[in-house]
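Let us take a guided walk through a protein and the ligands it holds. Keep the picture open beside you and find each residue as it comes up.

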Amino acid sequence: MNILLFGPPGAGKGTQSAMLVEKMGMKHISTGDLFRSAIKGQTALGLEAQKFMDKGDLVPDSVVIGMVDEVVQGLSGQGFILDGFPRTVPQAEALDRMLEKYSLGVDRAMFLEVPEEQLIARLSGRRVCKGCGAVYHAVSHPPKVDGVCDSCGAEVIQRPDDQEDAVRNRLIVYKKSTEPVKAFYQQRNSLVEVDGTGAVGNVFGRLEAALAQ
Ligand code: ADP
Ligand code: AMP
């Protein structure tokens, strides 16, 4: 099963992707995670991406598309979930060409709908593990021991782009550059909109129902 998971920043894409991967075993391709791992490794790609990410801007299309192409090329028949890509219409068009090139298809394009006030509360409270990337929330889903990951014991921190100024900018960038991607898939009647509000387990149930249709 090949899935695209869209939605505004903080909609729960990473949280739900982790649950889908655990249940269905596909490969999770998160462009944000790929960039964060490149930053951690201090690679040329990471240093380039960090300039944009810390401010909440998008990394240029050519950089993102090249990175995703390499990952998609390396998939050997395993299903995938693309989380956070495409985020612009040129990326969506490039994805079409890429899928054709590697004879791959998409079974579901799913959009997680969450109102803006909830996004701000989710993003400002988000905490992530520096080691394994597990996602927490300071209020609704804190780690058992403050600042320590339940899964791997590494430090749990706030992402630089979850600071107030970057969050505000990411929501503006989302409206300008990423919302048109929703229309791109809507025009093809291939987008399933899923209510991303309420408890994590309830959202997961809705995604599973959408996948079963
Ligand atoms: P995205 O990958 O779309 O940016 P995340 O999965 O990282 O979003 O979630 C953003 C924040 O919101 C995290 O702190 C996460 O714990 C929290 N969160 C995710 N899903 C829900 C939900 N259904 N209700 C409340 N908080 C949620
Ligand atoms: P995320 O982890 O999905 O919230 O992404 C974090 C940041 O990585 C974004 O704010 C962008 O700076 C960058 N990024 C991730 N995916 C993309 C993409 N598809 N296009 C451009 N920038 C991206």
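## Two ligands, a sheet and a cavity

An oxygen atom of ligand 1 sits 2.7 Å from a polar backbone atom of Y136. Before going on, please keep in mind that this is a predicted model. The backbone reaches ligand 1 at other places too: a polar backbone atom of K13 is 2.8 Å from one of the ligand's oxygen atoms, and for a polar backbone atom of G12 the distance to an oxygen atom of ligand 1 is 3.0 Å. How much of ligand 1 does the protein bury? On its own the ligand exposes 560 Å², and 89% of that is buried by the protein.

Now look at the surroundings of ligand 1. Its shell has 17 residues, with K13, T15, R126, Y136 and G198 the closest. Three elements give two or more residues to this shell: α1 (13–24), β6 (135–137) and α8 (200–212). Sorted by class, the shell around ligand 1 holds 8 nonpolar, 6 polar and 3 charged residues.

Next comes ligand 2. It is surrounded by 16 residues, and the closest are T31, R36, D57, G84 and Q91. Here we can follow side chains that come up to nitrogen atoms of the ligand. The table brings these together with the backbone contacts of ligand 1.

| Residue | Polar protein atom | Ligand atom | Distance |
|---|---|---|---|
| Y136 | backbone | oxygen, ligand 1 | 2.7 Å |
| K13 | backbone | oxygen, ligand 1 | 2.8 Å |
| G12 | backbone | oxygen, ligand 1 | 3.0 Å |
| T31 | side chain | nitrogen, ligand 2 | 2.7 Å |
| Q91 | side chain | nitrogen, ligand 2 | 2.9 Å |
| R87 | side chain | nitrogen, ligand 2 | 3.0 Å |

Taken alone, ligand 2 exposes 480 Å², of which the protein buries 96%. Which helix gives the most to the shell around ligand 2? The answer is α2 (residues 31–40), with 4 residues. By class, the shell around ligand 2 is made of 6 nonpolar, 4 polar and 6 charged residues.

Let us return to β6, the strand we met beside ligand 1. β6 belongs to an open sheet of 3 strands, in the order β6-β5-β7 with antiparallel pairing. β6 and β7 (156–157) are the edge strands, each pairing on one side only. Between β5 (residues 126–129) and β6 there are 3 bridges, and these two strands run antiparallel. You can trace two of the partners: V128 is matched with V135 in β6, and R127 with Y136 in β6. That second partner, Y136, is also among the residues closest to ligand 1.

The turn between these strands is worth finding as well. The hairpin of β5 and β6 has 5 residues between the strands, and there G133 takes a positive phi near 80°. Towards β7, β5 pairs in the antiparallel sense over 2 bridges, with C129 standing opposite V156 in β7.

Finally, look for empty space inside the protein. How many cavities of 30 Å³ or more are there? The count comes to 1, and the largest cavity contains about 30 Å³ of space. F6, G7, F111, Y174, T178, E179, V181 and K182 line it. Helix α7 (residues 164–186) gives the most to this lining, with 5 residues. By class, the lining of the largest cavity has 4 nonpolar, 2 polar and 2 charged residues.

Technical notes
Residues numbered from 1 in each chain as written. Chains lettered and ligands numbered in written order. Predicted model: local features only at pLDDT ≥ 70, side-chain atom pairs only at ≥ 80, totals over all residues. Heavy atoms only, no water. Near = heavy atom within 4 Å. Polar contact = N/O pair within 3.5 Å; in protein donor to acceptor, adjacent residues only side chain to side chain. Areas by Shrake-Rupley, 256 points an atom, 1.4 Å probe, with all protein chains shown as cover. Nonpolar A, V, L, I, M, F, W, Y, C, P; charged D, E, K, R; others polar. 1 Å grid on protein atoms, 1.4 Å probe; cavity = no way out; pocket = protein on both sides within 12 Å on 5 of 7 lines; lining within 4 Å. Points joined across faces, edges and corners; volume = space filled by probe spheres on them. Pairing = 2+ DSSP bridges.
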